[in-house]
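Here is a predicted model of a protein chain. How do its computed values lead to the words used to describe it?

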Amino acid sequence: MADARQQAKALPENPGCYLMKDESDKVIYVGKAKNLRRRVTSYFLPNRDMKTTCLVEKIDHIDYIITGNDYEALILENNLIKKYNPHYNILLKDGKSYPMIKITNERFPRIYKTRRILDDGAEYFGPYANARDLNGYLDLVAKSFPLRLCSGPLSEKKKACLYYHMGRCSAPCIDKVTPEEYSVYVKAVKGFLSGDDSSMIRQVEKEMKDAASCLDFETAAKKRDVLELLKSMRVNQMVEDHGDKESRDYVAIEMRSYLVTVSIMQFRSGCLIGKALYRSESLGSEDETLFSFLVQYYGDKKALPREIYVSHEIDYEMFKKYFRSELGWDVDIDLPRDGKHYRILRMAQENASRDVDKRLKETDNTPALEILKKELSLDRLPRHIEGFDIAQLDGKYTVASLIVFRDGNPSVKEYRHFSIKSLEGKIDDFESMREAAARRYSRLLAEGAELPELLMIDGGKGQVNAVYGILQTLGIEDKIRIIGLAKENEELVPPLDGETIRLDRSDEGLRVLIAVRDECHRFATSFNQRMRSKEASFSLLESIDGMGKKRSEKLMKEYGSIEAILSLSPKELAKGAGIPLSVAERILHKLNF
């Protein structure tokens, strides 16, 4: 590692790509940088998170390629990832393997379900997380249009199959339909799958009327049933969207340690037509991993949206340049802070968060806990670990974030926030820690609830002793082992005069504690993001005619969030908030847009 650190310091200060390699000269990570030396040396700084520590330990030497500018570095990075498939870069893998609907690129196209996307000129729609929806669409298509179901060469057919005699196929194999007539059916199906079902409805209505005018009442009745099913599916698939007909994707990423889940929700013509989860592993940061994922995901030039909303800040201008230059497509990309796009993105974020938490729970960390038990001389295996972190927004809204690990993995449902009440506007992390610990463990004692075997504090002697004093006051200092994790050298700091414990950075027990610390930071950061959204919500409410600061504060205190307000009717909002109906209507109108 020492050699790799020296190599990093010797890198030029140019844009380019760096290739981190192990002892066998295998590329394990590829990255891009505007300044190679500054970016790569950052990996070797102290206070690294667990992911970076894992990566650095495996680096034997570093190669690099200089590019003319940072955009060229982006293109080169994408090509190098495809070439080497580095273990610690994000590699696009569909963890759920959601099926798609495929329309083949043939003279008489077929339509069917598939899980493989090939570069064969076909069109793909989806993915569909709900198989029932997909099967419903395919069943509706089969009932509505006589498209061929056979997969063999049409030129070899001598006679029509049973589907033709059942009225389910137009028999292009024996020239019962022309390519032009057949293409009308295919065009209507494409419109339906893209979210625009009006052409399909018109087609079915025309066929129903034509059948009725020819006194073919049996066919007319079948078309009528299909029409009713089509209209009911339109209702089921529509999402309230206030007339917005643009194509939009919402992409949210969640990382826990090296595990990555990306959630995508696709809207076309105002309809939610697809959602999927993509699972992978990466040791990059969330923003650079998200950027790399987007480049890979849209690189096949299929189903490109006009707008993309993302969960983390990335280099928007470079991404738009990539879309324009490489894909020939103009796209807007943004991170929404409030409004309808923020609410949809939060749904995608929740899906990603639940999935990555589920994956973590499937990881067996018992061996690491055994190591930690021995190193800290604990009486029992630390199956229940808790950690605290302090978060505040510009000196306001000071909150202690509590996270809980069970069997070495996060137990998200047990996470808590404590609004600190004792500071009166001051910033004092020690006092915040004391108040949070006092409230947490006095409550557990009062309820007779289980106490953790280990309590981890992010900090040194000062923070640890502040909380230890609370444990002494409650008489539980012998029941909960407390340890601090000092950032400088990832040292374990016991309370009082205990000696600092230094473990190897590759130690599995230490990695569990670093994971606890990193999750504390993530949870605190997510709180700050919500508070920023709350601040924006106040500003938005106060900008509405008839709403001032007091009414806005009363409204947020009563309902807590914009989402809760939007769930009300104008009358319910007016009555609950004690405001005129006209003001309530203006509020809902403004928030919906």
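The questions below take up the chain as a whole, then helix packing, and then single residues.

Q: What makes up the chain, and what share of the residues is buried?
A: The predicted model has 20 helices and 18 strands, and buried residues make up 50% of the 593 residues in the chain. Among contacts between residues at least 6 apart in sequence, 62% join residues at least 24 apart.

Q: Why are helices H4 and H11 called roughly perpendicular?
A: The axes of H4 (residues 70-84) and H11 are 11 Å apart and make an angle of about 70 degrees. Angles of 65 to 115 degrees count as roughly perpendicular, and the two helices are therefore given that description. H4 passes H11 in a right-handed crossing, and the residues that meet there include Asp70, Tyr71 and Leu74 in H4 and Met318, Lys321 and Tyr322 in H11.

Q: Why are H14 and H15 described as parallel rather than perpendicular?
A: The axes of H14 (residues 429-447) and H15 (residues 461-474) cross at roughly 30 degrees and come within 9 Å. Because angles under 35 degrees count as roughly parallel, H14 and H15 are roughly parallel to each other. Their crossing is right-handed. On the H14 side, the residues that meet H15 include Phe430, Met433, Ala437 and Tyr441, while Gly462, Ala466, Val467 and Ile470 are among those that H15 contributes.

Q: How do you know that the buried residues of H19 lie on the same side of the helix?
A: In H19 (residues 570-577), the residues Leu573, Ala574 and Ala577 are buried. They cover an arc of only 100 degrees around the axis, which puts them on the same side of H19. This fits a general property of the fold: an α-helix has 3.6 residues a turn, so residues three or four places apart point the same way. On the other side of H19, Lys571 and Lys575 are exposed. Just after this helix, Gly578 takes a positive phi of about 65 degrees.

Q: Why is Ile457 called buried, and what does Ile457 touch?
A: The relative accessibility of Ile457 is 0%, and since buried means under 20%, the residue counts as buried. Ile457 lies in strand S16 (residues 454-458). Not counting residues up to four places away in sequence, Ile457 touches Phe388, Met433, Gln463, Val464, Val467, Ile482, Ile483, Gly484 and Leu485. One of these partners, Ile482, is 25 residues from Ile457 in sequence, and the C-alpha atoms of the two are 7.5 Å apart. Met433 is also among the residues of H14 that meet H15, and Gln463 and Val467 are among those of H15 that meet H14.

Q: Why does His312 count as buried?
A: His312 has 14% relative accessibility, and because the limit for buried is under 20%, His312 is placed in that class. His312 is found in the loop between strand S10 (307-310) and helix H11 (316-327). The side chain of His312 makes a polar contact with the side chain of Ser311 at 2.8 Å. Leaving aside neighbours within four places in sequence, His312 is in contact with Ile253, Glu286, Leu290, Leu335 and Gln349.

Q: What makes the pairing of Asn365 with Gly408 a polar contact?
A: A polar atom of the Asn365 side chain lies 2.8 Å from the backbone oxygen of Gly408, and the limit for a polar contact is within 3.5 Å. Asn365 lies in the loop between H12 (339-361) and H13 (366-375). Outside the neighbours within four places in sequence, Asn365 is in contact with Asp407, Gly408 and Asn409.

Q: Why is Asn85 called partly exposed, while Leu215 is called exposed?
A: Asn85 has 46% relative accessibility, which lies between the limits of 20% and 50% and so counts as partly exposed. Leu215 has a relative accessible area of 61%, and because exposed means over 50%, Leu215 is exposed. Asn85 is found in the loop between H4 and strand S4 (100-103), whereas the place of Leu215 is in the loop between H8 (198-213) and H9 (217-237). Each has a positive phi in a residue other than glycine, near 45 degrees for Asn85 and near 65 degrees for Leu215.

Conventions
Residues are numbered from 1 along each chain as its sequence is written. This is a predicted model: local features need pLDDT of at least 70, side-chain atom pairs count only at pLDDT 80 or more; totals for chains, interfaces and linings use all residues. Side-chain values use heavy atoms; hydrogens and water are left out. Buried means under 20% relative accessible area, exposed over 50%, partly exposed in between (1.4 Å probe, protein chains only). Helices (H or I, at least four residues) and strands (E, at least two) are DSSP runs, numbered from the N terminus. The arc is that of the directions from the helix axis to the C-beta atoms. A polar contact is a pair of N or O atoms within 3.5 Å; within protein, one must be able to donate a hydrogen and the other to accept it, and residues adjacent in sequence count only if both atoms are side-chain atoms. Contact means heavy atoms within 4.5 Å. Axes are lines fitted to C-alpha atoms, for helices over the stretch in contact, and angles run from 0 to 180 degrees between N-to-C directions. Angles under 35 degrees count as roughly parallel, over 145 as roughly antiparallel, 65 to 115 as roughly perpendicular and the rest as oblique. A crossing is left-handed if the near helix is turned anticlockwise from the far one by less than a right angle, and right-handed if clockwise.
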